[in-house]
Amino acid sequence: MKKCVVLSGAGISADSGLKTFRDAGGLWEGYKVTDVCTPEAFARNPDLVLDFYNMRRQQANQAMPNAAHEALVRLESYYHVQIITQNVDDLHERAGSSHVLHLHGELNKVRSCVDENEILVWTGDLKRSDTDGKGHPLRPHIVWFGEEVPAFPHAVEQVRDADVVMVVGTSLQVYPAASLLEFAPPQAECYLVDPNPRQAGRMVEVVPKKAKDGVPTLVEELIRRA
Ligand code: APR
């Protein structure tokens, strides 16, 4: 079976009603990154940070997967599909994707502020008074700006032997995630699905459509050629 690696960003969830970050009206228009998405912000004003992620967790858990997520599940019958997502929602998993790697963490998980390997599933609001089993404070299991991206080396290994790479709904502005495409083999077929496509770091075939329209059509084409 050929291998298709999908690098998804906020744009694939936009068709499920979730805001992107950098589009007009996006999350970073309403909040300053340095107020809600850095370790320093959490130390300075934990309630503001927790409120931000509680709001996003509630919105994400009320959203439903869209035709793009569902098409990527269908593709699994014809390709080995590895999703590598910058998104922290679980829409890929809820659609039924089997292999999902989150580069920037997950909204429905929290972790101990003392032991980063102690990760708990958490689908409700997180309050400052909440603690782990040892009484230690908890934080969102999200990679904040300035923090390491532990899953990146594994993501690079996944891209290195891809036959097809599909980039969906990302502005490719945040590193190291944006550099992943460069690790794809020279002979890999690369596609970029985005209504406002940015310059990718290598030759890609651009599908200038929304994910819910462009991904199902591209998947059918890939299935025809599987
Ligand atoms: N379908 C497909 N793509 C879309 C759609 C849609 N319906 N709507 C918008 N887009 C595209 C935009 O054109 C843009 O290229 O999705 C991309 C969204 O870009 P960003 O808002 O920058 O989101 P993303 O690339 O995922 O951000 C990366 O930045 O703030 C951090 O950690 C955060 O994971 C996030 C990272």
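Into which domains is the protein chain divided?

**Exercise 1. Describe the domains and how they meet.**

The model is a predicted one, in which local features need pLDDT of at least 70 and side-chain atom pairs count only at pLDDT 80 or more, while totals for chains, interfaces and linings use all residues. Residues are numbered from 1 along each chain as its sequence is written, and side-chain values use heavy atoms, with hydrogens and water left out.

Step 1. The chain is divided into domain 1 (1-17 + 66-104 + 148-226) and domain 2 (19-62 + 107-142), with bounds that come from an automatic or database domain assignment.

Step 2. Between the C-alpha centres of domain 1 and domain 2 there are 25 Å.

Step 3. Contact means heavy atoms within 4.5 Å, and by that rule 12 residues of domain 1 are in contact with 10 residues of domain 2.

**Exercise 2. Find the largest nonpolar core and say which elements build it.**

Step 1. A nonpolar core is a set of buried Ala, Val, Leu, Ile, Met, Phe, Trp, Tyr and Cys residues joined through side-chain atoms within 4.5 Å; buried means under 20% relative accessible area, exposed over 50%, and partly exposed in between, with a 1.4 Å probe and protein chains only.

Step 2. The largest such core has 26 residues, and Ile84, Leu103 and Leu180 have the most contacts inside it. At least two residues of this core come from each of strand E1 (3-8), helix H8 (152-160), strand E7 (164-168) and strand E8 (189-193), where helices (H or I, at least four residues) and strands (E, at least two) are DSSP runs numbered from the N terminus. H8 gives the largest share of the core, 4 residues.

Step 3. For a closer view, take Leu180, which, leaving aside its neighbours within four places in sequence, is in contact with Leu7, Ile84, Leu103, Phe152, Ala155, Val156 and Val159. Another core, of 24 residues, lies apart from the largest one and includes Trp28, Val36, Leu107 and Val110.

Step 4. A general tendency fits here: in soluble globular proteins, nonpolar side chains tend to be buried together.

**Exercise 3. Explain why the largest pocket is placed between the domains, and describe its lining.**

Step 1. On a 1 Å grid over the protein atoms alone, a cavity is a set of points where a 1.4 Å probe fits but cannot get out, whereas a pocket is an open set with protein on both sides within 12 Å along at least five of seven lines; lining residues have an atom within 4 Å of a point. Grid points are joined across faces, edges and corners, and a volume is the space filled by probe spheres set on the points.

Step 2. The largest pocket holds about 690 Å³ of space, and among its 38 lining residues Gly9, Ala10, Phe21, Arg22 and Ser171 are the closest to its centre.

Step 3. Because domain 1 and domain 2 both give residues to this lining, the largest pocket lies between them.

Step 4. Helix H1 (10-14) and helix H5 (46-62) each supply at least two lining residues, and the largest share, 3 residues, comes from H1.

Step 5. By class, the lining has 18 nonpolar, 12 polar and 8 charged residues, where Ala, Val, Leu, Ile, Met, Phe, Trp, Tyr, Cys and Pro count as nonpolar, Asp, Glu, Lys and Arg as charged, and the others, Gly among them, as polar.

**Exercise 4. Describe the cavities of the model.**

Step 1. There are 2 cavities of 30 Å³ or more in the structure.

Step 2. The largest cavity contains about 180 Å³ of space; its lining has 14 residues, and Leu18, Lys19, Leu27, Arg56 and Asp89 are those nearest its centre. H1 and H5 are the elements that give two or more residues to this lining, with the largest share, 3 residues, coming from H5.

Step 3. The second largest cavity, with about 30 Å³ of space, is lined by Leu7, Val159, Val165, Leu180 and Leu181. Its lining divides into 5 nonpolar, no polar and no charged residues.

**Exercise 5. Decide whether Leu218 is buried or exposed, and name its contacts.**

Step 1. Leu218 belongs to helix H9 (residues 211-224), and it counts as buried because its relative accessibility is 7%.

Step 2. Not counting residues up to four places away in sequence, Leu218 touches Met166, Tyr191 and Val193. Leu218 and Met166 are 52 residues apart along the chain, and their C-alpha atoms are separated by 9.2 Å.
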